[in-house]
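Here are some exercises to help you find your way around a new structure. Have a look at the sequence and the model, try each task, and then compare your steps with the worked solution.

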2 protein chains.
Amino acid sequence: MKTSNSRITLHMVSSLDGFIAKKDNSISWFETSSNYEDGIALDSPENTLNTIDCYIMGSHTFELAEELSKNYGWPYGDKTTYVLSHRQLKTERTNIKFYSGDLPLFVESELKGRYQNIWLVGGSNLCKEFLQHDLLDEIKLSILPILLGGGLLFFDFIAKELCLNLMELKAYNNGMVELSYSIKKRM
Amino acid sequence: MKTSNSRITLHMVSSLDGFIAKKDNSISWFETSSNYEDGIALDSPENTLNTIDCYIMGSHTFELAEELSKNYGWPYGDKTTYVLSHRQLKTERTNIKFYSGDLPLFVESELKGRYQNIWLVGGSNLCKEFLQHDLLDEIKLSILPILLGGGLLFFDFIAKELCLNLMELKAYNNGMVELSYSIKKRM
(Lines give C-alpha, C1' and ligand atoms only; values in the text may rest on other atoms or scores of the structure.)
Protein backbone atom coordinates (compact mmCIF):
# COMPACT_ATOMS: atom_id res chain seq x y z
CA MET A 1 0.00 0.00 0.00
CA LYS A 2 2.70 2.47 0.95
CA THR A 3 5.98 3.38 -0.62
CA SER A 4 9.05 2.68 1.44
CA ASN A 5 9.63 6.33 2.21
CA SER A 6 6.18 6.98 3.73
CA ARG A 7 5.93 5.93 7.34
CA ILE A 8 2.84 6.34 9.54
CA THR A 9 3.55 6.41 13.28
CA LEU A 10 0.86 6.26 15.89
CA HIS A 11 1.91 8.47 18.79
CA MET A 12 0.08 8.54 22.06
CA VAL A 13 0.62 9.56 25.67
CA SER A 14 -1.16 7.32 28.13
CA SER A 15 -1.32 6.40 31.79
CA LEU A 16 0.13 3.04 32.84
CA ASP A 17 -3.40 1.64 32.81
CA GLY A 18 -3.80 2.66 29.17
CA PHE A 19 -6.03 5.74 29.35
CA ILE A 20 -5.45 8.74 27.11
CA ALA A 21 -8.10 11.05 28.53
CA LYS A 22 -10.05 11.52 31.71
CA LYS A 23 -13.82 11.64 31.59
CA ASP A 24 -13.81 15.40 32.20
CA ASN A 25 -11.08 15.97 29.55
CA SER A 26 -8.92 17.72 32.19
CA ILE A 27 -5.24 17.56 31.30
CA SER A 28 -3.39 18.35 34.53
CA TRP A 29 -2.44 14.64 34.79
CA PHE A 30 -0.12 15.20 31.80
CA GLU A 31 2.14 16.99 34.23
CA THR A 32 2.45 13.93 36.47
CA SER A 33 6.09 13.27 37.09
CA SER A 34 8.43 11.32 39.30
CA ASN A 35 12.09 11.96 39.73
CA TYR A 36 13.90 9.25 37.75
CA GLU A 37 17.61 9.89 38.10
CA ASP A 38 18.73 7.54 35.34
CA GLY A 39 16.40 9.24 32.85
CA ILE A 40 17.34 11.64 30.09
CA ALA A 41 16.09 15.22 29.87
CA LEU A 42 12.93 15.87 27.86
CA ASP A 43 13.55 16.91 24.28
CA SER A 44 12.47 20.34 23.20
CA PRO A 45 9.07 19.96 21.45
CA GLU A 46 10.48 21.94 18.50
CA ASN A 47 13.15 19.29 17.86
CA THR A 48 10.50 16.57 17.60
CA LEU A 49 8.16 18.80 15.59
CA ASN A 50 10.84 19.50 12.99
CA THR A 51 11.14 15.80 12.11
CA ILE A 52 7.39 15.37 11.43
CA ASP A 53 5.99 16.09 7.99
CA CYS A 54 2.27 15.74 8.56
CA TYR A 55 -0.32 14.96 11.25
CA ILE A 56 -3.53 12.95 11.13
CA MET A 57 -6.26 13.14 13.76
CA GLY A 58 -9.94 12.48 14.33
CA SER A 59 -12.55 15.17 14.89
CA HIS A 60 -12.70 14.94 18.69
CA THR A 61 -8.93 15.23 18.99
CA PHE A 62 -9.09 18.22 16.65
CA GLU A 63 -11.83 19.92 18.64
CA LEU A 64 -10.01 19.31 21.92
CA ALA A 65 -6.78 20.71 20.43
CA GLU A 66 -8.69 23.79 19.20
CA GLU A 67 -10.19 24.28 22.66
CA LEU A 68 -6.86 23.82 24.45
CA SER A 69 -5.05 26.07 21.97
CA LYS A 70 -6.84 29.07 23.56
CA ASN A 71 -4.69 28.62 26.66
CA TYR A 72 -1.74 26.53 25.55
CA GLY A 73 -1.27 27.29 21.84
CA TRP A 74 -1.71 24.97 18.87
CA PRO A 75 0.67 22.04 19.43
CA TYR A 76 1.13 20.95 15.81
CA GLY A 77 2.82 24.05 14.40
CA ASP A 78 2.21 24.89 10.77
CA LYS A 79 2.55 21.31 9.53
CA THR A 80 -0.23 19.99 7.34
CA THR A 81 -2.82 18.37 9.60
CA TYR A 82 -5.54 16.10 8.24
CA VAL A 83 -8.72 15.86 10.28
CA LEU A 84 -10.61 12.71 9.31
CA SER A 85 -14.30 12.96 9.98
CA HIS A 86 -17.73 12.58 8.43
CA ARG A 87 -18.89 15.67 10.33
CA GLN A 88 -18.86 19.18 8.89
CA LEU A 89 -16.11 21.07 10.70
CA LYS A 90 -14.67 24.55 10.35
CA THR A 91 -11.41 26.21 11.23
CA GLU A 92 -9.54 29.39 10.51
CA ARG A 93 -6.23 27.54 10.38
CA THR A 94 -4.96 27.32 6.83
CA ASN A 95 -2.85 24.18 7.36
CA ILE A 96 -5.86 22.01 8.29
CA LYS A 97 -7.39 19.71 5.68
CA PHE A 98 -10.64 17.88 6.30
CA TYR A 99 -11.20 14.46 4.77
CA SER A 100 -14.05 11.98 4.89
CA GLY A 101 -14.12 8.74 3.03
CA ASP A 102 -12.31 5.48 2.59
CA LEU A 103 -9.28 5.19 4.87
CA PRO A 104 -6.96 3.01 2.71
CA LEU A 105 -7.79 5.28 -0.26
CA PHE A 106 -6.91 8.34 1.84
CA VAL A 107 -3.50 6.86 2.70
CA GLU A 108 -2.92 5.88 -0.92
CA SER A 109 -4.06 9.09 -2.58
CA GLU A 110 -3.22 11.81 -0.06
CA LEU A 111 -0.22 10.62 1.93
CA LYS A 112 1.76 8.11 -0.12
CA GLY A 113 4.85 9.66 -1.64
CA ARG A 114 3.85 13.13 -0.44
CA TYR A 115 4.93 12.90 3.22
CA GLN A 116 7.60 10.80 4.88
CA ASN A 117 7.22 11.02 8.64
CA ILE A 118 3.46 11.01 9.27
CA TRP A 119 2.12 11.06 12.82
CA LEU A 120 -1.32 9.77 13.77
CA VAL A 121 -2.12 11.46 17.09
CA GLY A 122 -5.61 10.17 17.99
CA GLY A 123 -8.22 9.59 18.90
CA SER A 124 -8.86 6.09 19.94
CA ASN A 125 -11.45 5.24 17.25
CA LEU A 126 -9.35 6.50 14.35
CA CYS A 127 -6.28 4.64 15.64
CA LYS A 128 -8.37 1.49 15.87
CA GLU A 129 -9.39 1.89 12.20
CA PHE A 130 -5.77 2.38 11.11
CA LEU A 131 -4.72 -0.73 13.04
CA GLN A 132 -7.59 -2.80 11.70
CA HIS A 133 -6.74 -1.83 8.11
CA ASP A 134 -3.01 -2.57 8.59
CA LEU A 135 -2.17 1.04 7.69
CA LEU A 136 0.32 1.73 10.47
CA ASP A 137 4.08 1.21 10.41
CA GLU A 138 5.11 2.22 13.92
CA ILE A 139 3.72 2.79 17.39
CA LYS A 140 5.32 5.24 19.80
CA LEU A 141 3.70 5.07 23.24
CA SER A 142 4.71 7.44 26.03
CA ILE A 143 3.64 6.16 29.44
CA LEU A 144 3.29 8.62 32.31
CA PRO A 145 3.87 7.44 35.91
CA ILE A 146 0.21 7.36 36.94
CA LEU A 147 -2.80 5.05 37.11
CA LEU A 148 -5.92 7.01 36.14
CA GLY A 149 -8.37 4.24 36.98
CA GLY A 150 -10.83 5.21 34.23
CA GLY A 151 -11.46 7.39 31.20
CA LEU A 152 -10.91 6.85 27.52
CA LEU A 153 -9.03 3.62 26.89
CA PHE A 154 -6.53 3.90 24.09
CA PHE A 155 -6.10 0.38 22.73
CA ASP A 156 -9.78 -0.30 23.11
CA PHE A 157 -10.25 -3.92 22.07
CA ILE A 158 -9.05 -3.49 18.49
CA ALA A 159 -10.07 -7.09 17.70
CA LYS A 160 -6.88 -7.75 15.79
CA GLU A 161 -3.64 -9.44 16.84
CA LEU A 162 -0.46 -7.72 15.66
CA CYS A 163 3.14 -8.69 16.40
CA LEU A 164 5.57 -5.87 17.14
CA ASN A 165 9.30 -5.25 17.03
CA LEU A 166 10.72 -3.25 19.91
CA MET A 167 12.89 -0.61 18.25
CA GLU A 168 13.76 1.84 20.99
CA LEU A 169 13.19 2.48 24.67
CA LYS A 170 13.72 5.78 26.46
CA ALA A 171 13.20 6.83 30.06
CA TYR A 172 13.00 10.52 30.89
CA ASN A 173 13.98 12.18 34.13
CA ASN A 174 10.32 13.00 34.81
CA GLY A 175 9.49 9.27 34.95
CA MET A 176 7.94 9.12 31.48
CA VAL A 177 8.83 6.02 29.45
CA GLU A 178 8.71 6.04 25.65
CA LEU A 179 8.32 2.71 23.86
CA SER A 180 8.85 2.60 20.09
CA TYR A 181 7.75 -0.40 18.06
CA SER A 182 7.51 -1.24 14.39
CA ILE A 183 4.57 -3.39 13.32
CA LYS A 184 5.54 -6.71 11.79
CA LYS A 185 3.97 -7.02 8.37
CA ARG A 186 2.38 -10.31 7.45
CA MET A 187 3.84 -11.93 4.34
CA MET B 1 -0.79 -0.82 57.54
CA LYS B 2 2.44 -2.60 56.71
CA THR B 3 5.80 -2.70 58.41
CA SER B 4 8.67 -1.22 56.48
CA ASN B 5 10.18 -4.63 55.74
CA SER B 6 7.03 -6.09 54.12
CA ARG B 7 6.63 -5.13 50.49
CA ILE B 8 3.81 -6.27 48.21
CA THR B 9 4.63 -6.15 44.51
CA LEU B 10 2.06 -6.65 41.81
CA HIS B 11 3.72 -8.54 38.96
CA MET B 12 2.06 -9.03 35.63
CA VAL B 13 2.94 -9.88 32.04
CA SER B 14 0.75 -8.13 29.51
CA SER B 15 0.47 -7.26 25.85
CA LEU B 16 1.10 -3.64 24.83
CA ASP B 17 -2.67 -3.15 24.75
CA GLY B 18 -2.92 -4.26 28.37
CA PHE B 19 -4.32 -7.78 28.13
CA ILE B 20 -3.11 -10.56 30.41
CA ALA B 21 -5.07 -13.45 28.91
CA LYS B 22 -6.74 -14.36 25.67
CA LYS B 23 -10.37 -15.40 25.66
CA ASP B 24 -9.43 -19.04 25.09
CA ASN B 25 -6.72 -18.95 27.83
CA SER B 26 -4.11 -20.10 25.27
CA ILE B 27 -0.61 -19.05 26.26
CA SER B 28 1.47 -19.35 23.10
CA TRP B 29 1.51 -15.52 22.85
CA PHE B 30 3.79 -15.50 25.90
CA GLU B 31 6.49 -16.68 23.53
CA THR B 32 6.12 -13.63 21.30
CA SER B 33 9.50 -12.10 20.79
CA SER B 34 11.35 -9.61 18.65
CA ASN B 35 15.06 -9.34 18.34
CA TYR B 36 16.10 -6.29 20.35
CA GLU B 37 19.86 -6.01 20.11
CA ASP B 38 20.30 -3.47 22.91
CA GLY B 39 18.37 -5.69 25.33
CA ILE B 40 19.79 -7.81 28.12
CA ALA B 41 19.45 -11.59 28.31
CA LEU B 42 16.48 -12.98 30.23
CA ASP B 43 17.22 -13.87 33.83
CA SER B 44 16.97 -17.47 34.88
CA PRO B 45 13.53 -17.94 36.53
CA GLU B 46 15.28 -19.51 39.54
CA ASN B 47 17.20 -16.30 40.25
CA THR B 48 13.97 -14.32 40.44
CA LEU B 49 12.18 -17.05 42.38
CA ASN B 50 14.86 -17.08 45.05
CA THR B 51 14.25 -13.43 45.93
CA ILE B 52 10.49 -13.91 46.50
CA ASP B 53 9.19 -14.97 49.92
CA CYS B 54 5.52 -15.53 49.23
CA TYR B 55 2.89 -15.40 46.45
CA ILE B 56 -0.70 -14.23 46.46
CA MET B 57 -3.22 -15.07 43.75
CA GLY B 58 -6.95 -15.35 43.07
CA SER B 59 -8.80 -18.58 42.45
CA HIS B 60 -8.89 -18.39 38.65
CA THR B 61 -5.15 -17.74 38.46
CA PHE B 62 -4.63 -20.70 40.81
CA GLU B 63 -6.83 -23.00 38.74
CA LEU B 64 -5.12 -21.96 35.52
CA ALA B 65 -1.67 -22.54 37.10
CA GLU B 66 -2.81 -25.98 38.30
CA GLU B 67 -4.05 -26.82 34.80
CA LEU B 68 -0.87 -25.55 33.10
CA SER B 69 1.35 -27.32 35.65
CA LYS B 70 0.38 -30.66 34.03
CA ASN B 71 2.45 -29.68 30.98
CA TYR B 72 4.77 -26.95 32.16
CA GLY B 73 5.32 -27.58 35.89
CA TRP B 74 4.22 -25.43 38.83
CA PRO B 75 5.83 -22.01 38.34
CA TYR B 76 5.90 -20.84 41.97
CA GLY B 77 8.26 -23.44 43.44
CA ASP B 78 7.77 -24.43 47.06
CA LYS B 79 7.18 -20.88 48.27
CA THR B 80 4.09 -20.27 50.39
CA THR B 81 1.25 -19.32 48.05
CA TYR B 82 -1.98 -17.78 49.32
CA VAL B 83 -5.05 -18.33 47.18
CA LEU B 84 -7.69 -15.74 48.08
CA SER B 85 -11.18 -16.89 47.29
CA HIS B 86 -14.64 -17.35 48.74
CA ARG B 87 -14.94 -20.61 46.83
CA GLN B 88 -14.13 -24.03 48.29
CA LEU B 89 -10.93 -25.18 46.57
CA LYS B 90 -8.70 -28.20 46.98
CA THR B 91 -5.10 -29.03 46.20
CA GLU B 92 -2.52 -31.65 46.99
CA ARG B 93 0.21 -29.04 47.21
CA THR B 94 1.29 -28.51 50.81
CA ASN B 95 2.58 -24.97 50.31
CA ILE B 96 -0.84 -23.59 49.28
CA LYS B 97 -2.95 -21.74 51.84
CA PHE B 98 -6.54 -20.76 51.11
CA TYR B 99 -7.96 -17.59 52.59
CA SER B 100 -11.31 -15.87 52.39
CA GLY B 101 -12.24 -12.76 54.24
CA ASP B 102 -11.29 -9.15 54.70
CA LEU B 103 -8.35 -8.12 52.51
CA PRO B 104 -6.72 -5.45 54.74
CA LEU B 105 -7.04 -7.86 57.68
CA PHE B 106 -5.38 -10.61 55.63
CA VAL B 107 -2.41 -8.34 54.87
CA GLU B 108 -2.19 -7.23 58.51
CA SER B 109 -2.56 -10.64 60.15
CA GLU B 110 -1.02 -13.07 57.66
CA LEU B 111 1.66 -11.18 55.75
CA LYS B 112 2.91 -8.28 57.85
CA GLY B 113 6.23 -9.02 59.48
CA ARG B 114 6.15 -12.64 58.26
CA TYR B 115 7.24 -12.13 54.65
CA GLN B 116 9.37 -9.45 53.05
CA ASN B 117 9.17 -9.75 49.27
CA ILE B 118 5.54 -10.65 48.52
CA TRP B 119 4.34 -11.01 44.94
CA LEU B 120 0.75 -10.60 43.88
CA VAL B 121 0.48 -12.43 40.55
CA GLY B 122 -3.19 -12.03 39.53
CA GLY B 123 -5.86 -12.11 38.54
CA SER B 124 -7.29 -8.86 37.46
CA ASN B 125 -10.09 -8.68 40.07
CA LEU B 126 -7.83 -9.40 43.03
CA CYS B 127 -5.26 -6.85 41.84
CA LYS B 128 -8.05 -4.30 41.53
CA GLU B 129 -9.05 -4.94 45.16
CA PHE B 130 -5.47 -4.53 46.37
CA LEU B 131 -5.14 -1.25 44.46
CA GLN B 132 -8.49 0.05 45.70
CA HIS B 133 -7.52 -0.69 49.32
CA ASP B 134 -4.07 0.94 48.94
CA LEU B 135 -2.40 -2.34 49.89
CA LEU B 136 0.28 -2.41 47.19
CA ASP B 137 3.78 -0.99 47.36
CA GLU B 138 5.13 -1.70 43.90
CA ILE B 139 4.04 -2.59 40.38
CA LYS B 140 6.25 -4.55 38.01
CA LEU B 141 4.77 -4.77 34.54
CA SER B 142 6.40 -6.82 31.79
CA ILE B 143 5.16 -5.82 28.34
CA LEU B 144 5.50 -8.29 25.47
CA PRO B 145 5.88 -6.98 21.90
CA ILE B 146 2.35 -7.80 20.76
CA LEU B 147 -1.14 -6.30 20.47
CA LEU B 148 -3.71 -8.96 21.35
CA GLY B 149 -6.73 -6.88 20.43
CA GLY B 150 -8.96 -8.42 23.10
CA GLY B 151 -9.13 -10.71 26.12
CA LEU B 152 -8.84 -10.06 29.83
CA LEU B 153 -7.84 -6.47 30.50
CA PHE B 154 -5.42 -6.14 33.36
CA PHE B 155 -5.90 -2.62 34.74
CA ASP B 156 -9.61 -2.87 34.24
CA PHE B 157 -11.00 0.53 35.24
CA ILE B 158 -9.86 0.38 38.87
CA ALA B 159 -11.74 3.62 39.61
CA LYS B 160 -8.86 5.04 41.61
CA GLU B 161 -6.11 7.46 40.67
CA LEU B 162 -2.64 6.58 41.94
CA CYS B 163 0.64 8.39 41.31
CA LEU B 164 3.70 6.26 40.66
CA ASN B 165 7.47 6.58 40.88
CA LEU B 166 9.42 4.99 38.06
CA MET B 167 12.13 2.94 39.80
CA GLU B 168 13.64 0.80 37.07
CA LEU B 169 13.37 0.06 33.39
CA LYS B 170 14.73 -3.02 31.62
CA ALA B 171 14.59 -4.13 28.02
CA TYR B 172 15.33 -7.76 27.19
CA ASN B 173 16.78 -9.12 23.99
CA ASN B 174 13.45 -10.81 23.21
CA GLY B 175 11.75 -7.40 23.03
CA MET B 176 10.10 -7.63 26.44
CA VAL B 177 10.14 -4.43 28.48
CA GLU B 178 9.92 -4.48 32.27
CA LEU B 179 8.67 -1.36 34.05
CA SER B 180 9.05 -1.13 37.84
CA TYR B 181 7.18 1.49 39.83
CA SER B 182 6.63 2.23 43.49
CA ILE B 183 3.22 3.60 44.44
CA LYS B 184 3.31 7.05 45.99
CA LYS B 185 1.59 6.93 49.35
CA ARG B 186 -0.82 9.72 50.20
CA MET B 187 0.11 11.64 53.33
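The exercises below deal with a predicted model.

**Exercise 1. The contact between the chains**

Find how many residues each chain gives to the contact, and which strand of chain A gives the most.

Solution. Start with the totals: chain A supplies 30 residues and chain B supplies 29 residues. Next, look for elements of chain A that give two or more residues to the side touching chain B; these are strand 8 (146-147), strand 10 (162-171) and strand 11 (177-183). Strand 10 of chain A gives the most, with seven residues. Finally, sort this side of chain A by class: 20 residues are nonpolar, seven are polar and three are charged.

**Exercise 2. A sheet that takes in both chains**

Work out the order of the nine strands in the open sheet and name its edge strands.

Solution. Begin where the chains meet: strand 8 of chain A runs antiparallel to strand 10 of chain B, and two bridges join them. Here Leu147(A) has Leu162(B) as its bridge partner. Now follow the sheet across, which gives the order 8(A)-10(B)-11(B)-7(B)-1(B)-6(B)-3(B)-4(B)-5(B), with mixed pairing. Strand 8 of chain A and strand 5 (96-99) of chain B are the edge strands, as each pairs on one side only. For a parallel pair, go to strands 3 (residues 54-58) and 4 (residues 80-84) of chain B, joined by five bridges. Cys54(B) has its bridge partner, Thr80(B), in strand 4 of chain B.

**Exercise 3. How the copies are related**

Determine which turn and which shift lay chain A on chain B.

Solution. A turn of 180° with a shift of 0.0 Å along the axis lays chain A on chain B, and the RMSD is 0.0 Å. The two copies are therefore related as by a two-fold rotation axis. In chain A, the residue that comes closest to this axis is Gly18(A), whose C-alpha is at 3.5 Å. Both copies use the same surface, since 97% of the contact residues of chain A recur in chain B.

**Exercise 4. One face of a helix**

Which residues of helix 4 of chain B are buried, and what covers them?

Solution. In helix 4 (residues 124-132) of chain B, the buried residues are Leu126(B), Cys127(B), Phe130(B) and Leu131(B). Viewed down the helix axis, they fall within an arc of 140°, so they line one face of the helix. Their cover includes strand 1 (7-15), strand 3, strand 4, strand 6 (117-120) and strand 10 of chain B. To finish, step past the helix: Asp134(B) follows, with a positive phi near 55°.

Methods:
Residues are numbered from 1 along each chain as its sequence is written. Chains are lettered from A and ligands numbered from 1 in the order in which they are written. This is a predicted model: local features need pLDDT of at least 70, side-chain atom pairs count only at pLDDT 80 or more; totals for chains, interfaces and linings use all residues. Two residues are in contact if their C-beta atoms, placed from the backbone, lie within 7 Å. Ala, Val, Leu, Ile, Met, Phe, Trp, Tyr, Cys and Pro count as nonpolar, Asp, Glu, Lys and Arg as charged, and the others, Gly among them, as polar. Two strands pair if DSSP finds at least two bridges between them. Copies are superposed by least squares on the C-alpha atoms of residues with pLDDT of at least 70 in both. A residue is buried if 20 or more other C-beta atoms lie within 10 Å of its own, exposed if 12 or fewer, and partly exposed in between; C-beta atoms are placed from the backbone. The arc is that of the directions from the helix axis to the C-beta atoms.
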